Amino acid sequence: MNRPLPRGRGGPRHTAGAVVSLPRALSKLGFCSRTQAEALIAEGRVKVDGRTVRDATVRVDPGRARITVDGRPVVAERKVYLMLNKPRGLVTTRDDPQERATVYDCLEGLTLPFVAPVGRLDKASEGLLLMTNDTRWAQRLLDPASDVEKTYHVQIDRMPDEVLLARLTAGLTVDGEHLSARFAAVLRAGQRNAWLAMVLNDGRNRHIRRMLGALGIEVLRLVRVAIGGIALGDLPKGAVRHLTPAEKAQLDRAPR
């Protein structure tokens, strides 16, 4: 049985000039995720230049090839740049095998092309998540060479001291990876726990949780509040909005 088509059709075609796998081409054109594309290809619903393709490893130029799904042309969507205030408890994925709630639940009812997260926040983390259908832009922001800083507010289960802060900025080796913070400071402290401000320029998988866990420290809450100088601000939890032209330009100016 054919499943409903993902959102994301229409708009002008642009010359891409790069040969990529067919699933990636469908993703770059803003039609669907790579996983969804692989399923559509396996079902024989995708044609390239009039020929049905069932091999997901076939490579095409998305700017030149004529790609159709169920007979309808797939063309490049307008570029969309969003910020989402991710609530705790959502996973940062489109299709979850465990059928958990995802960040895409926050986009329900919005008229958007297919967009993908720029990086991830784990299920227990919250705060600023960028989403876009501009894969090249996303890859540049994620490239460590771009040196885009990400700021987090982290609640921990103890009172920090200067030794701990120095250890976080000096870094430590966890599972063979050197993890460190560019900056770490106390935001506020109570009698039993405290909030830290931490800045990373190299966001690895569960970077902060793994680093603090290796020091025997439990993370009670973790909120990303800024990326490259773009602040989450007062955007409500679960809400999404387009980046302003000034915010987009600021991220475009991030070091390369």
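I will go through helix 2 and the two largest pockets of this predicted model.

Residues are numbered from 1 along each chain as its sequence is written, and side-chain values use heavy atoms, without hydrogens or water. Since this is a prediction, local features need pLDDT of at least 70 and side-chain atom pairs count only at pLDDT 80 or more, while totals for chains, interfaces and linings use all residues.

Helix 2 first. Helices here are DSSP runs of H or I with at least four residues, strands are runs of E with at least two, both numbered from the N terminus. In helix 2, residues 34–42, the buried positions (under 20% relative accessible area, 1.4 Å probe, protein chains only) are Gln36, Ala37, Leu40 and Ile41. They span an arc of only 135° around the axis, so they sit on the same side of helix 2; the arc is taken from the directions from the helix axis to the C-beta atoms. Thr35 and Ala42, on the face turned away, are exposed, meaning over 50%. After the helix comes Gly44, with a positive phi near 75°.

Now the pockets. A pocket is an open set of points on a 1 Å grid over the protein atoms alone, with protein on both sides within 12 Å along at least five of seven lines; lining residues have an atom within 4 Å of a point. Volume is the space filled by probe spheres set on the points, which are joined across faces, edges and corners.

The largest pocket has about 610 Å³. Of its 33 lining residues, Arg120, Leu121, Gly203, Arg204 and Arg224 are closest to the centre.

The second largest has about 500 Å³. Helix 3 gives the largest share of its lining, four residues.

How values were computed. 1 Å grid on protein atoms, 1.4 Å probe; cavity = no way out; pocket = protein on both sides within 12 Å on 5 of 7 lines; lining within 4 Å.
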